[in-house]
Every structure is written in C-alpha cells, then in structure tokens.
2 protein chains.
Amino acid sequence: MSIDRLDGRIILLLAREPRIGVLEMSRRLGVARGTVQARLDRLQSNGVIRGFGPEVDPAALGYPVTAFATLQIRQGQGADVRAHLASVPEVLELHTTTGSGDMLCRLVARSNADLQRVIDRVVGFDGIVRASTAIVMENPVPPRIIPLVEQAAEET
Amino acid sequence: MSIDRLDGRIILLLAREPRIGVLEMSRRLGVARGTVQARLDRLQSNGVIRGFGPEVDPAALGYPVTAFATLQIRQGQGADVRAHLASVPEVLELHTTTGSGDMLCRLVARSNADLQRVIDRVVGFDGIVRASTAIVMENPVPPRIIPLVEQAAEET
DNA sequence: TTTCCGCTGGGCAATCTGTTCAGCAAGATG
DNA sequence: CATCTTGCTGAACAGATTGCCCAGCGGAAA
C-alpha cells in the first residue's frame, strides 16, 4: 500500500528509461538484483504499477485536437449513456462526477471541424440532455505521476 | 504519420502484454523479427509511441480521490498560475481551454477531506479568480487508446 | 532467545537483444 | 524497358539479460 524511497527510485528510473532492465537498475541503485526484482513484483501485485503499456500519442495518429465535454444525462439513463460513449473510439476517457454536469469525457478529433462530427456522435444519443465542450489549447502539465510518487516515497 | 494494420497489431500486442519481446511478437504476428524491430523503431521516432513508462495508480499510492477543477484566471496571470500549479504534486494534469473556464486540471487527494487541502493549495494563489470542482465518482471508461489505434489502422 | 523477513552475492541454463548480411519482390523513376 | 529504392525475409553472431535457485546475514517482531 505505501512505498519507500527505494520503490520511489525504482519507479523514477523506469519512468526516465522505460527500456532499462532489472540488472541495470540494480547497478544504478546500488542494490542486489534480487531486491529490485522483488520490489518490482511487489509493486505490480500491489497494483501500484498497473503495467507498462505503450503510451500512444493521439496527435501522431492524426488526432491533434483534444477537448473535454461535460454532459448532462437524463435521469436513469446512465448505463445506456456509458455504453454509448464507450463505443465511440474518440472518447478516450469518461468519468461520472458530482457537480453541475453528470459526466466528463475527454475527446480527440482530427481537426476542429472533425470535432463537430465527434460531438454530434457523442450527443446524438437519447439520454444526453446537454453537452458543453471546452477545447484544449495548451497542455502546460501533461499527465504526470512522478511528483506524487516522490511525495509518497518521502512520507514513509 | 499514419499507421497500417501491422502497426496496429504491434501496438495492440504491446498493450495487452507489455513485457513481450520483439522476438515473441514476430512469432505471434507471423513476420520477421527485423520487421517488427523496424516498425517499432519507426513508431517511436514518429512519436506515435511516446514511451513505455510505468502506469502508476494513484489510488494504490494512497490517493483514491480524483477530481477535476475548472479555474478562472486573472488576465495576464497565466504563466504564473501554470508555474504554481505545476509545483503541486497532486495536480496530475493541466490544460488551458476555451470556454467558460480558462484552465482545467485533474487532481487527486487522500480523501474527500484531503481534497479540501489540495484545493486550498491550488486556489490559494493570487492569479486564480474562481475554481469549480467536480469529484469523480465512477470511471466507466478509463484512459484508453486502443479503439482509436484500431480505427487509425483500418483507415489505411 | 527464536523466528520471520528482506537483502546480499553468487551461479546456472535458457533466452533475447542488437546488429549485420544477402536475397527477393514490388513499386517508383528514368 | 532497365534501374533504383524500399521493405520484408531468414539467418547468423557475440554479448547481455532473464528467471530461478541457493546459503548466509542482520534487524525486527514474537
């Protein structure tokens, strides 16, 4: 559940050089290979490290436009809306939230014009009452986790 | 810039079994090892595959609460606010957007009570006029990219 | 004191990687 | 039509890494 400094350094190393091997890590960290291996196993079975899936850049795939849509759902239609949104490839992420909207989703599109098509497809479903969209211009802090890992490692 | 079916299958395999090697991939895909290697190199230098960083689960680290905050910024304070937010470990992501808000950020916290502390720290900065927060309850579609990859691979 | 647990340092066979090579087919170019 | 370029194949090689095992050691808990 909680991680120590060594765990933190392992994650840090992996984040910086994902292709690094266990042996090389043990050299850099100054510990035995078995230790690194055991820590990694533990981190993975703990669920702290979910996996090492490839990070694919939607922009490089031809989807340079990102947007966030806040959706208002008709009462009782939640399950259907979820299924509908899950079937749209351009919906990269979906959350149900408290607050003024009911759901928040991340969308990508090939262009601003194409975003219209995506939104039409997203909201072209009966259970969705209203959608308000915010187009992403800049991304000053791309998805990150390292600072949090470092903080968690310090607090041991 | 664009990917074909083989590229798609490579990414798919990597997503499903991240620890798979180039040799095993070539066997599964029925192509030569050199081909897979060349494709992978190309995908990475293209930027389609950004990397293979470890996916760390904030919940397993002790931060089970996720929220999205929409921020309104005082004109001309954008740069300062960006720097301020980047210094908060619990800010996992930050975007500047069009629409009613000026920025949208993803936050995590140790609990709902702790979220108050995080928000106080986030908005306790001069350039931020207003913040409205939505707490995430469910996550019906966790961050995903595979459907988009498959679509991009088909369209070749 | 005794037990448990994690780390160390070592060794082993099996496997994979990085790299290079020549051959071949298809498509583009002149 | 001849030539070139590009991408894929199948193979080879040395070097490195992995998965797995073991015994010993020290600190912390019972």
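1. In this predicted model, the C-alpha atoms at the two ends of residues 3-64 of chain A are 36 Å apart, and the span is 55% helix and 8% strand. UniProt, in an unreviewed entry, lists these residues of chain A as "domain: HTH asnC-type".

2. A turn of 180 degrees with a shift of 0.0 Å along the axis lays chain B on chain A, with an RMSD of 0.0 Å. The two copies are therefore related as by a two-fold rotation axis. Both copies use the same surface, since 100% of the contact residues of chain B recur in chain A. Within chain B, the residue closest to the rotation axis is B:F52, with its C-alpha at 2.7 Å.

3. Chain A and chain B each put 62 residues into the contact. On the side of chain B that touches chain A, the elements giving two or more residues include α1 (5-16), α4 (78-86), β5 (103-109) and α6 (146-154). The most comes from β6(B), with 10 residues. By residue class, this side of chain B has 37 nonpolar, 16 polar and 9 charged residues.

4. Strand pairing also crosses between the chains: β4 (residues 91-97) of chain A runs antiparallel to β6(B), joined by 3 bridges. A:T97 has B:V136 as its bridge partner in β6(B).

5. Around DNA strand C, chain A places A:V31, A:A32, A:G34, A:T35 and A:A38, while chain B places B:G21, B:V22, B:L23, B:E24, B:G34 and B:Q37. At least two residues of this surface come from each of α3 (33-46) of chain A, α2 (22-29) of chain B and α3 (33-46) of chain B. The surface near DNA strand C comprises 5 nonpolar, 5 polar and 1 charged residues.

Definitions and conventions:
Residues are numbered from 1 along each chain as its sequence is written. Chains are lettered from A and ligands numbered from 1 in the order in which they are written. This is a predicted model: local features need pLDDT of at least 70, side-chain atom pairs count only at pLDDT 80 or more; totals for chains, interfaces and linings use all residues. Copies are superposed by least squares on the C-alpha atoms of residues with pLDDT of at least 70 in both. Two residues are in contact if their C-beta atoms, placed from the backbone, lie within 7 Å. A residue is near a molecule or strand if its C-beta atom, placed from the backbone, lies within 6 Å of it. Helices (H or I, at least four residues) and strands (E, at least two) are DSSP runs, numbered from the N terminus. Ala, Val, Leu, Ile, Met, Phe, Trp, Tyr, Cys and Pro count as nonpolar, Asp, Glu, Lys and Arg as charged, and the others, Gly among them, as polar. UniProt positions are given in the numbering used here, feature names are shortened, and annotations may be inferred rather than shown by experiment. Two strands pair if DSSP finds at least two bridges between them.
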